[in-house]
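Visitor: I would like a close look at a single part of this structure, followed outward to whatever it touches. Please take it step by step.

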Amino acid sequence: RVVAVDFEEARLLHAQGLRMGHVGHLVQVPAREVPLALDMQADFLTVFGFEQAERISTEAVVVGRVQDITLRVVGPHDTFYAAQRGGVPAADAVQVALRIEALPGVRLRGVTSFPAVLWDESLGSFAPTANLATLGDVSARLRKAGLDAPVINAPSACCSATFGLKAEAGATHVEPGSCLIGQTP
């Protein structure tokens, strides 16, 4: 399965017959593309808020399925790139997650953010960003609220040098990409 960081990429990968693992964790699925996103049968679609979960739920009910989703969460000290901002404030995540859980066409499976790990030049190694701690904190609060949302998706700098770091922080999913082929310093 593959990951698509934006919907144009998802469209191209799907057209080539690739199975979708995750769509929308950096750039949300456009509202008009939700039916196609559901047709792709991705393991996860990420939502940046309740409204998008509601749109996906409505369309999923129409086609008679339940779509697993992850919630993108944002902590006060998290790192984001300018064109990739957005998500539910960590302080509001449980409240939003409970509202999502009441929707019929989606099933909240966990949380995601990006980047979870980055190269730290001063250390000469990879280091976690605040995002990774935010994921662990929100995930723990979701469990405490009684939600079955075990996924902690921790993309960025995914390679053998970071998998242990992410696993120790509770990550259940990683998304190997350009780091494996040497494009990431």
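Visitor: In which helix does Thr-134 lie?

Guide: In this predicted model, Thr-134 lies in helix α5, which spans residues 130–144. Thr-134 counts as buried because its relative accessibility is 10%, and the cut-off for burial is under 20%. Leaving aside its neighbours within four places in sequence, Thr-134 is in contact with Val-73, Val-74, Gly-75, Asp-78 and Ala-90.

Helix α5 is also one of the elements against which the buried residues of helix α4 pack, the others being β3 (44–47), α3 (50–63), β4 (67–74), β5 (88–89) and β6 (106–112). Within α4, which covers residues 93–101, the buried residues are Ala-93, Val-94, Val-96, Ala-97 and Ile-100. Seen down the axis of α4, these buried residues fall within an arc of 160 degrees, so they line one face of the helix. As background, an α-helix has 3.6 residues a turn, so residues three or four places apart point the same way.

From this packing we can turn to the charged pairs, for a search of the whole structure finds six salt bridges. Two of the strands that α4 packs against, β4 and β6, reappear here: Arg-107 and Asp-68 meet through their side chains in a salt bridge, at 2.6 Å from N to O. Because Arg-107 lies in strand β6 and Asp-68 in strand β4, the pair ties together parts that are 39 residues apart in sequence. Of these two partners, Arg-107 is partly exposed, with a relative accessible area of 39%, whereas Asp-68 is buried, at 18%.

Strand β6 holds another partner, Arg-109, whose side chain meets that of Asp-148 in a salt bridge, at 3.5 Å from N to O. This pair links distant parts of the chain, since Asp-148 is in the loop between α5 and β9 (151–153), 39 residues from Arg-109. Here Asp-148 is exposed, with a relative accessible area of 54%, while Arg-109 is buried, with a relative accessible area of 18%.

Elsewhere, Arg-1 forms a salt bridge with Asp-43, the closest N and O atoms being 3.3 Å apart. Arg-1 lies in the segment before β1 (2–4) and Asp-43 in the loop between α2 (34–39) and β3, so this pair ties together parts that are 42 residues apart in sequence. Asp-43 itself is partly exposed, with a relative accessible area of 30%.

How values were computed. Residues are numbered from 1 along each chain as its sequence is written. This is a predicted model: local features need pLDDT of at least 70, side-chain atom pairs count only at pLDDT 80 or more; totals for chains, interfaces and linings use all residues. Side-chain values use heavy atoms; hydrogens and water are left out. Helices (H or I, at least four residues) and strands (E, at least two) are DSSP runs, numbered from the N terminus. Buried means under 20% relative accessible area, exposed over 50%, partly exposed in between (1.4 Å probe, protein chains only). Contact means heavy atoms within 4.5 Å. The arc is that of the directions from the helix axis to the C-beta atoms. A salt bridge is a side-chain nitrogen of Lys or Arg within 4 Å of a carboxyl oxygen of Asp or Glu.
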